There are 2 protein chains.
Amino acid sequence: MTQKEGNALFPTLAILGGTGKEGSALALRWAKAGYPVILGSRSAERAAQTAAELNVQLGQGNLRGLDNEAAAREGNIIVLTVPPEAQISTLSSVKSALAGKILVDATARVDAKDPRPPEGKAAARAAQDLLGPEVRVVAAFQNVPAHALKNLARELDSDVLVCGDDPEARAEVVKLAEAAGMQAYEAGGLDNALIVEGLTALIISINKRYKSKTGGIRISGVEKTGK
Amino acid sequence: MTQKEGNALFPTLAILGGTGKEGSALALRWAKAGYPVILGSRSAERAAQTAAELNVQLGQGNLRGLDNEAAAREGNIIVLTVPPEAQISTLSSVKSALAGKILVDATARVDAKDPRPPEGKAAARAAQDLLGPEVRVVAAFQNVPAHALKNLARELDSDVLVCGDDPEARAEVVKLAEAAGMQAYEAGGLDNALIVEGLTALIISINKRYKSKTGGIRISGVEKTGK
């Protein structure tokens, strides 16, 4: 087994829904940056196959695949990239493996065919309510530019907005976004994730209007030197 | 009177709440671009005084001041930049002057001390519900970088997201944003303005975190050539 073990500098990342478009694009960038990455999927076999393909693409052995529950158990930081309708059921199925860990929730409840403001509480807030205070939930990557991330030669032109109630956990996730090649900003508490979900709807609306596929959001006018 | 009359190319803009920080900053940019601008205020005297000061600053005579109702009557396009708590009362008081016109609503219901996602329907949707189908409501300029706009030498580093149910009215407002020196994007229907209001909260959160005063949003990856 050539798989590295996670350590303080490079914790092991488990990506639930890691065989999907978003999850595998993030996995590729993180594995390239040196992180041990576990792809989680409902099917361990599919996860292992996707991991093997990405390892070949990278010429490395940083990725492996497991079923979602085993991935959540073995990962140090857990990233959720399943479709919105599978968010709560997936989290319920892995809940016991998440205690004490950071859960990065990328869920955005937006219908690409009818983009509009999401209702109720933020998806990541719902996750926190389900998981309780033992789990450090951070919302980020709701609008990952999967197409651009997959092209490792490409400069990324889209920022990551990181919302969460735990400042240390937010800072960890900013580091993950930077490792994936994106600029990232802490953008307030978990409830603000509702706005970031909405941004996904805005971007889809703008893409439709201008026949684009690559619309993104950037933050301007902020120096990231403050503490 | 040196004041130009509005025409098809340069309609007369009436800015309700035009003596405030946002309104006067926009007024300055539009007057400089050649638009006849009427500042509206609860006090006609204060409006006239601010208009005179801005005319001196510009070395032009494009601005004048009236009370809000007279401004709404004389303007071709009406821009609302009053504080959130005055939105509905101001609109109610000028309603009869708005029929057939475009109303640009810049209201964002965000508490700078406690920024969080706004609730309910978008402020501009509430305006449309109050005013009825006779008025073409467009939401824009909810997060005007007033400080930067006032400095005419300064390149603006913040985009305008324009939401509305009337495509022609949206396109008119994109032109206004461009005339004020900003890039602008049509971003869907009036309900999406709720997300843009939320963006104001996100930007305040980011400014607080990084001790910035100039945070803004830019759209990346979109060519504005589509129709």
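In the predicted model, L80(B) has D105(B) as its bridge partner in β5(B), and this pair belongs to the register in which strand β4 (residues 77-80) of chain B and strand β5 (residues 102-105) of chain B run parallel, joined by four bridges. Both strands are part of an open sheet of eight strands in chain B, which follows the order β3-β2-β1-β4-β5-β6-β7-β8 and has mixed pairing. At the edges of this sheet stand β3 (63-67) and β8 (184-186) of chain B, each of which has a single partner strand, so that one side of each is left without a neighbour in the sheet. Between neighbouring strands of the chain B sheet the turn is 25° on average, with direction ignored. Helix α1 (residues 21-33) of chain B lies across β1 (13-16), β2 (37-41), β3 and β4 of that chain, and runs at about 165° to β1(B).

Chain A, for which the mean pLDDT is 94 and 97% of residues reach 70 or more, likewise contains an open, mixed sheet of eight strands in the order β3-β2-β1-β4-β5-β6-β7-β8. Its edges are formed by β3 (63-67) and β8 (184-186) of chain A, and because each pairs with a single strand, one side of each is left without a neighbour in the sheet. The twist in this sheet averages 25° from one strand to the next. Within it, strand β1 (residues 13-16) of chain A pairs in the parallel sense with strand β4 (residues 77-80) of chain A over four bridges, and L16(A) stands opposite L80(A) in β4(A).

Four bridges also link strand β5 (residues 102-105) of chain A to strand β6 (residues 136-139) of chain A in the parallel sense, with R136(A) in β6(A) as the bridge partner of I102(A). The connection from β5(A) to β6(A) passes through helix α5 (residues 123-131) of chain A, and this β-α-β crossover is right-handed. Helix α5(A) lies across β5 and β6 of chain A, at about 170° to β6(A). On to strand β7 (residues 160-164) of chain A, by contrast, β6(A) is joined by two bridges in an antiparallel arrangement, in which A139(A) has C163(A) as its partner.

The largest nonpolar core comprises 80 residues, and those with the most contacts inside it are L161(A), L202(A), L161(B) and L202(B). Leaving aside residues up to four places away in sequence, L161(B) touches L202(A) and I206(A) of chain A, while its contacts in chain B include A139(B), Y185(B), V196(B), L199(B) and I219(B). The model as a whole scores ipTM 0.93 and pTM 0.94.

Methods: Residues are numbered from 1 along each chain as its sequence is written. Chains are lettered from A and ligands numbered from 1 in the order in which they are written. This is a predicted model: local features need pLDDT of at least 70, side-chain atom pairs count only at pLDDT 80 or more; totals for chains, interfaces and linings use all residues. Side-chain values use heavy atoms; hydrogens and water are left out. A nonpolar core is a set of buried Ala, Val, Leu, Ile, Met, Phe, Trp, Tyr and Cys residues joined through side-chain atoms within 4.5 Å. Buried means under 20% relative accessible area, exposed over 50%, partly exposed in between (1.4 Å probe, protein chains only). Contact means heavy atoms within 4.5 Å. Two strands pair if DSSP finds at least two bridges between them. Axes are lines fitted to C-alpha atoms, for helices over the stretch in contact, and angles run from 0 to 180 degrees between N-to-C directions. pLDDT is the predictor's confidence in each residue, from 0 to 100. A crossover is right-handed if, with the strands pointing away from the viewer, the path from the first strand over the helix to the second runs clockwise.
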